[in-house]
Amino acid sequence: MEKSEKVEELILHEDIKEMRKSSYDCDVCKRSFSQKSDLTEHKLIHRQEKLYHCDICGKSFSQSSNLSKHKRVHRREKSHHCVICGKSFSHSSALSKHIYTHTGEKPYSCDICGKSFSQSSNLSTHIRIHTGEKPYHCGICGKSFSQYSNLTVHRHSHTGEEPYQCDICGKSFSQNSQLTKHKRIHSGEKPFHCDICGKSFTDCSSLNSHKRVHTGEKSYHCGSCGKSFSDSSALPRHKCINAGDKPCQCDICGKSFSRNGDLTKHKRSHTGEKPYHCDICGNSFSESSTLHRHKRIHTGEKPYYCDICDKSFSRNGDLTKHKRSHTGEKPYHCDICGNSFSDSSGLNKHKRIHTGEKPYQCDICGKSFSRNSHLTGHKLIHTGEKKKG
């Protein structure tokens, strides 16, 4: 056999070996593929290379299949229809995922905690909670993320890009999903419903967090002190408190916060911005939680019940205060005389006895009082409703 024939035979042998290989595994995230070409394309995600460009809008993708899917957005092609509700989708995988919303099927289960998911990608993301794996890295600052979408959002913090704008109030967002959630503030839409108590929410993550109130599930654990949380956002907040870390600083007054969301809320105290509006009376608020509490004035809703006397309250804080009337608990102590109080407002009123502070002033005669109720009583003298005695 000639040398050239031997070389050809060896090459053919290697090709057959390669073809027989059952799977090709990614050495970064361990995902498996049946074809080598699929693995090669997948690795572009980790290298953050986007070689496939849309010739209509210029958007780039790491996989040709994702570009093909994206182009259907421009063509508005939706050839896959749900036989249950009639909703249409641009590709079959989206339809398959959608059908699970009707059937409630969750075929993908976590073998660590048993939690089930309707999509395999959601299971893969969930498992990273247990493993702590963060395979997506920012090429600018090196920060790592468990989800590629979180990395994409994070990158906007470097560029400052906010391409998605609300056509009602003009507010801009770095993510289209954030804009969709925001628009529900204006519309009042709450499409996500709790099947246990019927409460509705503007987004799926809020519904999932709420459901943990019923189940008592606390999946997020602090590695330092072992404390557990039902809400993923509560864990980083807790860690910052433990570390004393407050990286988000107000450029107006210099006050620092552990979370960017808290800084955003704080800045409204300077700007006076009140983006949350009551659709019943028109009152505006700086925080969505304040709007929700306010709406209970109109609806009469009192969702917080005392398990001792069955009295109900519109705010959880009021329930906490009320329970102290049963327990006798007085956690607020005066550092001057040692007197104790069941709530902080009672302590603040008491302290004015020691300091002599009188912050409530009559705008008619200038007399000052330590309590607002005393000022209200005093004003009756000027109106003639109460005789000076």
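Helices here are DSSP runs of H or I with at least four residues, and strands are runs of E with at least two. Counted that way, the protein has 14 helices and 26 strands. Please keep in mind that this is a predicted model.

**The overall picture**

Of the protein's 389 residues, 22% count as buried. The exposed surface comes to about 26300 Å², with carbon and sulfur atoms supplying 49% of that area. If we take the contacts between residues at least 6 apart in sequence, 6% of them join residues at least 24 apart.

**Salt bridges**

The structure holds 14 salt bridges. Three of them are set out here.

| Positive partner | Negative partner | Closest N to O distance |
|---|---|---|
| Arg-128 | Glu-133 | 3.9 Å |
| Lys-183 | Asp-167 | 3.6 Å |
| Lys-323 | Asp-307 | 3.8 Å |

Let's start with the pair of Arg-128 and Glu-133. Arg-128 counts as buried, at 13% relative accessibility, while Glu-133 counts as partly exposed at 30%.

Next comes the salt bridge between Lys-183 and Asp-167, with 3.6 Å between the closest N and O atoms. Lys-183 belongs to helix α7 and Asp-167 to the loop between β11 (164–165) and β12, so this pair ties together parts that are 16 residues apart in sequence. Lys-183 is partly exposed, with a relative accessible area of 31%, and Asp-167 counts as exposed at 62% relative accessibility.

In the third pair, the side chains of Lys-323 and Asp-307 meet at 3.8 Å, N to O. Because Lys-323 lies in helix α12 (residues 316–327) and Asp-307 in the loop between β21 (304–305) and β22 (312–313), the bridge ties together parts that are 16 residues apart in sequence. Lys-323 counts as partly exposed at 29% relative accessibility, whereas Asp-307 counts as exposed at 63%.

**A buried aspartate without a salt bridge**

Asp-203 sits in the loop between β14 (200–201) and α8 (204–215). This residue is buried yet has no salt bridge; Lys-181, the nearest side chain of opposite charge, is 4.5 Å away. The cut-off for a salt bridge is 4 Å between a side-chain nitrogen of Lys or Arg and a carboxyl oxygen of Asp or Glu. A polar atom of the Asp-203 side chain does lie 2.9 Å from the backbone nitrogen of Ser-206. Leaving aside residues up to four places away in sequence, Asp-203 touches Lys-181, Arg-184 and Phe-192.

**Two more buried sites**

Ser-174 is found in the loop between β12 (172–173) and α7 (176–187). With a relative accessible area of 13%, Ser-174 is buried. Not counting residues up to four places away in sequence, Ser-174 touches Val-153, His-156, Glu-161, Glu-162, Pro-163 and Tyr-164. For Pro-163, the C-alpha to C-alpha distance to Ser-174 is 5.9 Å, with their positions 11 residues apart in the numbering.

His-266 is part of helix α10 (residues 260–271) and is buried, with a relative accessible area of 14%. The side chains of His-266 and His-270 are joined by a polar contact of 3.1 Å. Beyond residues up to four places away in sequence, His-266 touches Cys-250, Cys-253, Lys-255 and Phe-257. Ser-256 is 10 residues from His-266 in sequence and 9.8 Å away in space, C-alpha to C-alpha.

Definitions and conventions. Residues numbered from 1 in each chain as written. Predicted model: local features only at pLDDT ≥ 70, side-chain atom pairs only at ≥ 80, totals over all residues. Heavy atoms only, no water. Buried < 20%, exposed > 50% of the residue type's maximum accessible area, 1.4 Å probe, protein only. Lys, Arg positive; Asp, Glu negative; His and termini not counted. Polar contact = N/O pair within 3.5 Å; in protein donor to acceptor, adjacent residues only side chain to side chain. Contact = heavy atoms within 4.5 Å. Areas by Shrake-Rupley, 256 points an atom, 1.4 Å probe, with all protein chains shown as cover.
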